[in-house]
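Open the model in your viewer and keep the sequence panel beside it. The stops below say what to select and what is there.

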Amino acid sequence: MGLLWALLSQVAAIAGMGLGLLLAWAAYYHFSTTEMPPGICQPFKVRLLHIVMLTSYGLVHPDLGMTMAMISESFSLPDAYERVCRHFALKCDVVVVSVGYRLAPEHGYPAQFEDTLKAAEFFLKNVESHGVDPARVAISGDGIGATLAAFVTQKLVEKPDLPKLRAQLLIGPFLQALNFNLFSYQQNRFVPIITHKDIVRILLWYITRIRCIVELGQHELHLPEGRKLMYKDWLSPDNIPKELLMRGHYCEFQPSTEPTDNINYIMKILTETTCSPLLAEDAVISQLPETFILTCEFDVLRDDGLLYKKRLEDHGVPVSWCHLSDGFHGLLYLFNLPFLAFPFVEKGVGDIAALRNESAASETSPSLRTPAGGWERQEGCSAPDMGFLWALSVALAELGALAGLLILAWATHFYLSYAEVPHGVGQPHKLKIVYFLLIVSTGTACRNHSFACEVRQSSPIISSSINLKLSFPAAYDNVCRYIANESDAVVLSIGYSLPHQRSQPAQFQECLDVAIYFMEHAKDYGVDPARIAIMGDSFGGLLAASICQMMVQRDNTPKPRAQILVYPCLQFVTFSLPSHMQNASVPPLLRKHILTFALQYLQKCVPMVDIVAEGCHVSKDVKMKYEKWLSPDNIPEEFKVREKKAPVSTSQFGDILEFTDLMCEKIFNPLLADDATIRQVPEMLLITAQYDVFRDEGVLYKKRLEDNRVPVSWCHLEDGFHGVLGFINDPLFASPCTKRGMDRLVSYIRDL
């Protein structure tokens, strides 16, 4: 029993710690991704509500905001909105039909539209059997459910054999997928419960099921600019009441230079009335029944409702408008929650219910309200006393401690979510600690699951009596010093420009210029020009290999004695080699990282990561051209023991992306150089690591050189991982394979 009690105590402690970390993560996520603008109703409650929802549902609950449409007041998700339906049924003395349409992601688009339309048609055909007056049927929806309601209403207009609807009620509606840059999207970009990022992600993932399109949508790259201009008059900010333009500054959308026009044929559905009822033809709009529209000031979807209101009014459709100037998205979801009650919720639901007893909704349209006291910041704070300063200091200290815990919680979440350390890695606990500390120190602003620090992946060395290491000097100072001391060599490390300072191929050109200059003036530094080697690791290996290839093709350029490539990146054509897939989640360099870094280096849009990951960034002809050099058949069988299948492309735009030529340029693909060039390159020392995403690129380059009779020395670290040699002078994190690899490198340099 003592053992059982101890076990239960440990389980309870772990569960409590897990809950604490979950709450800490939810609080961190909330405060780092949302904001509370002045004027919002009870901001403390809003924050609490959002944190509770994050804890309960995760980052984005799949059904969040995907609420209902109502016949005789409601089509809805039955469980979530049962209390709302019951309230309307009792308060208004009406029959409420709530339809549990098929949910995403189990059932993709357009299953929900089909279900709601069929239910509406069935109900209208049998309306009298339910004791309902056919002349007094209304359809309503909230959020994306309002999209369903508006779509069904428009479709029923085309069916003369069915009773005409009396009205449609649209509550915080989503009505167009064309422009996610409207004024309300900008003003309320980070306002919970639904942020700009959430609504775009929910909609585009539901419609397309292609993750890269979701990322493009968040950057306004999901549709060509020409299509947006077609509907400019309907989406103009001039159609928004001036009273609602008080907060923030509207930035007109700037057309992207990205090649998204070529992939937008698959997004045609977003301009159809299923997703964008706002864009329906005038002939349909003019036949719609009278409409009640409820909007909230602090809702990203606010302007969708206002623009639809304007379209309806322009065609003579009676419109009642209720605007809750202190409200936010999720009106019906919050109804009848005693602890999280908000005044605007009661008012909004009351205004909807009041329509039941009005003969004409237009006569009872609530007026636009402004918040008491306006949105101006209140002035007149008195000077604080010492007691207040002490309390403030204590509060700041507590916040600092909380921030530290939140960062640790976030780092733990990131590590557990995206990294794995497979069996066989040397001293795995050290690797876990290194990666965890790396996340904490450099990743506090994680973007696209890659570190937000300025990463200059290491690059080349000129060695023997001279080593040129073109790298980030501070980051590689220890490595350079070790090589210089142990090999009795001169080491030159150059801080080339970062991608955000100068666009590619500036980094390659700077490395090439320095290498040529140093080799031409080697004697000035006491170096034998015939014993110079160029080295690079990781992305620097690509620069080193490309520089060697460039030098051997120039008549008047000094020739290096050797090249040393340490777990090199050598091509941009495919990221689905066996090592890419096997080690996709092995720290410290994940597959997602290399894709992000590559696009950042090429000055391409990071949201296109998933396109590149699927291999859709190059054409089939290009893949076939280089198949003989990139085939997994060229990789030793022992490297395929942990083989994982490459992703199967779910998109169809590989043959048409415009940056295919850029990704296939010679300087980015030394592995794919022609045989005439390969035969001239100097001998090579190759160091690879078993648990490195770039392992197979080095192995394939080794085979190419050997096939062309270029001498190759190969050191493979069976228990190594990417960046392992960087810990050579670190007594805490150095592993045995670190010393083995560095000893082989130093020995090779000494023997040149």
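The tour goes from the whole chain to its strands, cores, cysteines and a few loops.

**Ground rules**

This is a predicted model, in which local features need a pLDDT of at least 70, side-chain atom pairs count only at pLDDT 80 or more, and totals for chains, interfaces and linings use all residues. Residues are numbered from 1 along each chain as its sequence is written, and side-chain values use heavy atoms, with hydrogens and water left out.

**Stop 1: the whole chain**

Select the protein chain and show it as a cartoon. It has 27 helices and eleven strands; these are DSSP runs, H or I of at least four residues for helices and E of at least two for strands, numbered from the N terminus. Of its 752 residues, 56% count as buried. Buried means under 20% relative accessible area, exposed means over 50%, and partly exposed lies in between (1.4 Å probe, protein chains only).

Switch to a surface. The chain exposes about 32500 Å², and carbon and sulfur atoms supply 56% of that area. Accessible areas come from the Shrake-Rupley method with a 1.4 Å probe; for residues, only the protein chains shown count as cover.

Among contacts with a separation of 6 or more, 77% are between residues 24 or more positions apart. A contact means heavy atoms within 4.5 Å.

**Stop 2: colour by confidence**

Colour by pLDDT, the predictor's confidence in each residue, from 0 to 100. The chain averages 75, and 70% of the residues score at least 70. Select residues 58–78: the pLDDT there is below 50, and the stretch has 102 contacts in the model beyond near neighbours in sequence. Then select residues 359–394, where the pLDDT is also below 50 and the corresponding count is 34 contacts. Where pLDDT is low, the predicted coordinates should not be read in detail.

**Stop 3: strands β9, β10 and β11**

Select β10, residues 683–691. Eight of its nine residues are buried, so the strand is largely enclosed by the rest of the structure.

Add β9, residues 562–566, which pairs with β10 in the parallel sense over five bridges. Two strands pair if DSSP finds at least two bridges between them. To find the register, pick A562, whose bridge partner in β10 is E683.

Now add β11, residues 712–721. It pairs with β10 in the parallel sense over seven bridges. Here L685 has S713 in β11 as its bridge partner.

**Stop 4: the nonpolar cores**

Which residues touch the most other members of the largest nonpolar core? Select I547, M551, L565, F572, V573 and Y701; the core they belong to has 67 residues. A nonpolar core is a set of buried Ala, Val, Leu, Ile, Met, Phe, Trp, Tyr and Cys residues joined through side-chain atoms within 4.5 Å. Helix α18, residues 539–552, gives the largest share of this core, eight residues. A second, separate core has 61 residues, including L124, A149, L178 and Y308.

**Stop 5: cysteines**

Select the cysteines. The structure holds zero disulfides, a disulfide being a pair of cysteine sulfur atoms within 2.5 Å. C715 is in none; the nearest cysteine sulfur, that of C737, is 9.6 Å away. C715 is buried, with a relative accessible area of 9%. C569 is buried as well, at 4%.

**Stop 6: two serines in loops**

Select S286, in the loop between α11 (282–285) and β4 (290–298). Its relative accessible area is 38%, so it counts as partly exposed. Leaving aside residues up to four places away in sequence, S286 touches H315 and V317. The C-alpha atoms of S286 and D314 are separated by 8.7 Å, with their positions 28 residues apart along the chain.

Move to S735, in the loop between β11 and α27 (736–751). S735 is buried, at 7% relative accessibility. With the same sequence neighbours left out, S735 touches Q427 and V724.

**Stop 7: backbone details**

Select Y109 and P110, which are joined by a cis peptide bond with omega about 5°. P110 is in the loop between α3 (82–92) and α4 (111–125). Next, the bond from P192 to I193 is cis, with omega near 15°.

Finish with D488, which has a positive phi of about 55° although it is not a glycine. D488 is exposed, at 66% relative accessibility.
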